[in-house]
Amino acid sequence: MKPRVVSGMRPTGQLHLGHLVGALKKWVSLQDRYDCFYFVADWHALTSEYADTSRIVPGADEMVADWIAAGLDPEKSTFFIQSLVPEHAELFLLLSMVVPVPWLERVPTYKEQQDALRDKDLSTIGFLGYPLLQTADVAMYDARFVPVGNDQVAHLELAREVVRRFNNFFGDVLVEPEPILSDVSRLPGLDGDKKMSKSLGNTIHLSDDADTVKKKVMQMYTDPKRVRADIPGTVEGNPVFMYHDAFNPDGAEVEDLKTRYRTGKVGDVEVKQKLAKALNTHLDPMRARRADLLAKPSHVREILREGSRKARAVAQEKMSLVRDAVKLRYV
Ligand code: TRP
């Protein structure tokens, strides 16, 4: 039996290159060695999107199409929708009985996100409980490992503490999850911002066509000192070169461009054209897989329905054990 891996993503719609290097490549790489359960965290999306829920379901379909395009394989891994496995809510409720509120108030993302999303009222019980729902998501499947970004480490730490406390009261019924951190550093935005993010509009979507990618790359932020091609430029921290490092498999070409850039012997246009080409080569197989998938529009839904049925069977078995542990058995 392979150890279990569980991870989820909120359904934000089309994914971008940041998701690819930050999460999806890692998820893909785990598929053969682990029994992977990957899910659409639609209830987690609700914690901040409750005032307009209309984008959640379409966003889930688009996101899962991108997962498969990026190489996640429904034959190898189980894909499911969180809200189609309502046992997550039951486990969340039972966990909530033993978790002190200050544990949740102390999670750094709680205040950070409230500050970052000031236009939303995040003083809700649902939002406070976000990391506890996440604990239920992984404990439900006895997840040994949880691939996440650095921003989620505190949530996994909380999950481990919650599992220990629950087990203290009710016996060894839940498994402590360990994070698997993405080793890649974050991809900067097209505008040079330190993060590629949908809300900043500085992204390349995995579903962008070749011309769009080219246009976006040609407009990318680069070394602002270089108003002419013969001015020596800075490679370090330059997003165009960071993308070359991440996506251009031709190391010799990248080294040559860097050398010439540093000595003022190459124009930005050439550097960017080569980047656009490398990116499009990288994205082409994903475009092909997405086109195959979308040729049959109901296919993604069928995959999710089937995966959710399978996940639910595992969850029901687990909840039976958990109810026994809590001594809530009436038959
Ligand atoms: N909080 C995660 C994020 O924002 C999404 C998520 C929800 C998740 N439940 C999870 C990730 C369980 C890993 C495991 O990225």
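These are my notes on a predicted model, covering its domains, cores, ligand site and a few single residues.

**Domains**

I began with the domain assignment. It gives domain 1 (4-187 + 297-326) and domain 2 (208-290). I looked up the distance between their C-alpha centres and found 35 Å. Then I checked who takes part in the contact. Domain 1 supplies 10 residues and domain 2 supplies 9 residues.

**Cores**

Next I turned to the nonpolar cores. The largest has 53 residues. Which of its members touch the most other members? I noted Leu17, Leu24, Tyr38, Trp67, Phe79, Tyr243 and Leu279. Both domains feed this core: at least three residues come from each of domain 1 and domain 2. A separate core of 40 residues lies apart from it, and Val85, Ala143, Leu174 and Ala311 are among its members.

I picked Leu24 for a closer look. I left aside its neighbours within four places in sequence. Leu24 is then in contact with Met9, Leu15, His19, Asp66, Trp67, Ala70, Leu72 and Leu206. Trp67 is on the list of residues that touch the most other core members, as is Leu24.

**Ligand site**

I moved to the ligand. I found 13 residues around it, and the closest are Arg10, Tyr130, Gln134, Asp137 and Gln152. I then went through the polar distances to side chains.

- For Arg10, a side-chain N or O atom is 3.1 Å from an oxygen atom of the ligand.
- For Tyr130, a side-chain N or O atom is 2.7 Å from a nitrogen atom of the ligand.
- For Gln134, a side-chain N or O atom is 3.1 Å from a nitrogen atom of the ligand.

How much of the ligand's accessible area does the protein cover? On its own the ligand has 360 Å², and the protein covers 91% of that. I also asked which elements give two or more residues to the shell. They are strand S1 (4-9), helix H8 (130-139) and strand S4 (145-148). H8 gives the most, with 4 residues.

**Helix H8**

That sent me to H8 itself. Is it enclosed or open? I counted 10 of its 10 residues as buried, so H8 is largely enclosed by the rest of the structure. The buried set includes Tyr130, Gln134 and Asp137, and these three are also among the residues closest to the ligand.

Thr135 sits in H8 too. Its relative accessible area is 0%, so I logged Thr135 as buried. What does Thr135 touch, not counting residues up to four places away in sequence? I listed Leu95, Leu158, Ala159, Val162 and Val163.

**The loop between H8 and S4**

I followed the chain into the loop between H8 and S4, where I found Tyr141. Its relative accessibility is 1%, so Tyr141 counts as buried. Beyond four places in sequence, Tyr141 is in contact with Arg4, Val6, Phe37, Phe80, Val85, His88, Ala311, Val314 and Ala315. Val85 and Ala311 are also members of the 40-residue core. One long-range pair went into my notes. Tyr141 and Lys318 are 177 residues apart in sequence, yet 7.4 Å apart in space, C-alpha to C-alpha.

Asp142 is in this loop as well. At 32% relative accessibility, I put Asp142 down as partly exposed. I flagged its backbone: phi is near 50°, a positive value in a residue other than glycine. Most residues other than glycine have a negative phi.

**Other spots**

I found a second positive phi at Lys327, where the value is near 65°. Lys327 lies in the segment after helix H14 (299-326). Its relative accessibility is 72%, so Lys327 counts as exposed.

Ser77 was next, in the loop between helix H3 (56-69) and strand S3 (78-81). Buried or exposed? Ser77 has 3% relative accessibility, so I logged it as buried. The side chains of Ser77 and Gln31 are joined by a polar contact of 3.0 Å. Not counting residues up to four places away in sequence, Ser77 touches Gln31, Cys36 and Tyr38.

I ended at Thr53, in the loop between helix H2 (42-49) and H3. With a relative accessible area of 41%, Thr53 is partly exposed. Thr53 and Asp42 are 11 residues apart in sequence, and their C-alpha atoms are 9.8 Å apart in space.

Methods
Residues numbered from 1 in each chain as written. Predicted model: local features only at pLDDT ≥ 70, side-chain atom pairs only at ≥ 80, totals over all residues. Heavy atoms only, no water. Core = buried A, V, L, I, M, F, W, Y, C linked by side-chain atoms within 4.5 Å. Buried < 20%, exposed > 50% of the residue type's maximum accessible area, 1.4 Å probe, protein only. Domains from an automatic or database assignment. Contact = heavy atoms within 4.5 Å. Near = heavy atom within 4 Å. Polar contact = N/O pair within 3.5 Å; in protein donor to acceptor, adjacent residues only side chain to side chain. Areas by Shrake-Rupley, 256 points an atom, 1.4 Å probe, with all protein chains shown as cover.
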